Structure formats: C-alpha cells, structure tokens
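This report concerns the nonpolar interior of a protein model and the packing of two of its helices.

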Amino acid sequence: MIRFITAILIALCIPFYAFARDRDVELAEMQKHIDWLAEVYHLPHNGQALPLVVYLSQEQMNIFFYGEEKYIEDKKKDNVTPVEAVFQPTVGSGVIYLQNDFNWNNIEDADTVVHELVHYLQHINKTKYSCNLLKELDAYKYQSLWMLENPSARQAPTFLTAIAILETCAQSWEPPTED
C-alpha cells in the first residue's frame, strides 16, 4: 500500500516532461523486445497495452524504490546503491520508471528494458511465484540471455545475484502444513 501511495505522490510531482519523450520510439522498442521474449522464450503477450514510461532523476529513482527515509539514511552513510529502473504494476498495464539519461537507441541501456518487460509480462499474465523475489530471478535470467545475444561492454548479472535471491527465498520458505 505504501508503494502505491508513493507511486501516486511521485506521479503527481513529476513534471510533464518526465513522461514519454517519443512514445512511438518507446512502443517500437518495447514491442521489439517483447516479440523476442515471446518468440525465443515463449513468454506470452497477447497484444495487451504496453506499460507507460516515466523518466526520473537518480535521486527520484532511489527515493521511489527505497523510500525517502531509507534513502536519506543510506545517503548519510554514503551507502546508496543506484536504481536503474523499476516496473510498478499499479496502473493499467503498469509503469516502467527509467533514469533521465536512458537512451532507447543505446545497446548499453536495452537490457534494462528487457528486464523490466519481463516484470510487465509477469504482471499481465498474473504469474505466481512461491517467493516474490523469484520474479527477479526470471527477469535476470532473460536479461542475461538477451545480453548474450547482444554483447556490449556492460556486465551481465552474476550467479551471485541468483544465489542471493535463492538464499533469501529459502530463508522465508515454510513447509506446507497438514490439515
């Protein structure tokens, strides 16, 4: 609920220019990546509306993702991990938040959108996971596969990311109870 309220507050405070720079480019690039995900990995997309895209500064992204209190606390300790993008499934087909300097024509940025589009497909297909963090594991998997087919100087997510996700899910796992 707090994320929903935060999303609304940020949306109300974002200047108009933060929305679509060129919606036609956004739609074409997102559709290209969704077609790849559907064709190569059979992730279903049946023509649903594509997500809205909002551009934020690095600070706005961090506040949105971590919450203002945690962001300020981490900033005082010089311990802020920058957030590149976030998919928020709160409005219609959802919203992808990207950094202001995101470039749709730059291969270095494209894998970020692939990752967020996996979350979009999870959302519209109502994909269920036993642990919510497993959504991230899928997104990192398809992002990494895309990066293998589209090499760039950017480093792919590591196995350590997957291990951290699996360890976190294992810690929260509870065996089913008998009724």
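The text below treats the cores and then a helix pair.

The model is predicted: local features need pLDDT of at least 70, side-chain atom pairs count only at pLDDT 80 or more, and totals for chains, interfaces and linings use all residues. Residues are numbered from 1 along each chain as its sequence is written, and side-chain values use heavy atoms, without hydrogens and water.

The largest nonpolar core (buried Ala, Val, Leu, Ile, Met, Phe, Trp, Tyr and Cys residues joined through side-chain atoms within 4.5 Å; buried means under 20% relative accessible area with a 1.4 Å probe, protein chains only) has 26 residues. Helix 5 gives the most to this core, with eight residues. Apart from it lies another core, of eight residues, including Phe64 and Val86. Phenylalanine 64 belongs to helix 3 (residues 58-66) and counts as buried because its relative accessibility is 4%.

Helices are DSSP runs of H or I, at least four residues long, numbered from the N terminus. The packing of helix 2 and helix 5 is as follows.

| Property | Helix 2 and helix 5 |
|---|---|
| Angle | about 65 degrees |
| Axis separation | 10 Å |

Axes are lines fitted to C-alpha atoms over the stretch in contact, and angles run from 0 to 180 degrees between N-to-C directions. Helix 2 and helix 5 are therefore roughly perpendicular (65 to 115 degrees). In their contact (heavy atoms within 4.5 Å), residues of helix 2 including Met30 and Leu37 meet residues of helix 5, among them Val113 and Leu117.

Definitions and conventions
Helices (H or I, at least four residues) and strands (E, at least two) are DSSP runs, numbered from the N terminus. Buried means under 20% relative accessible area, exposed over 50%, partly exposed in between (1.4 Å probe, protein chains only). Angles under 35 degrees count as roughly parallel, over 145 as roughly antiparallel, 65 to 115 as roughly perpendicular and the rest as oblique.
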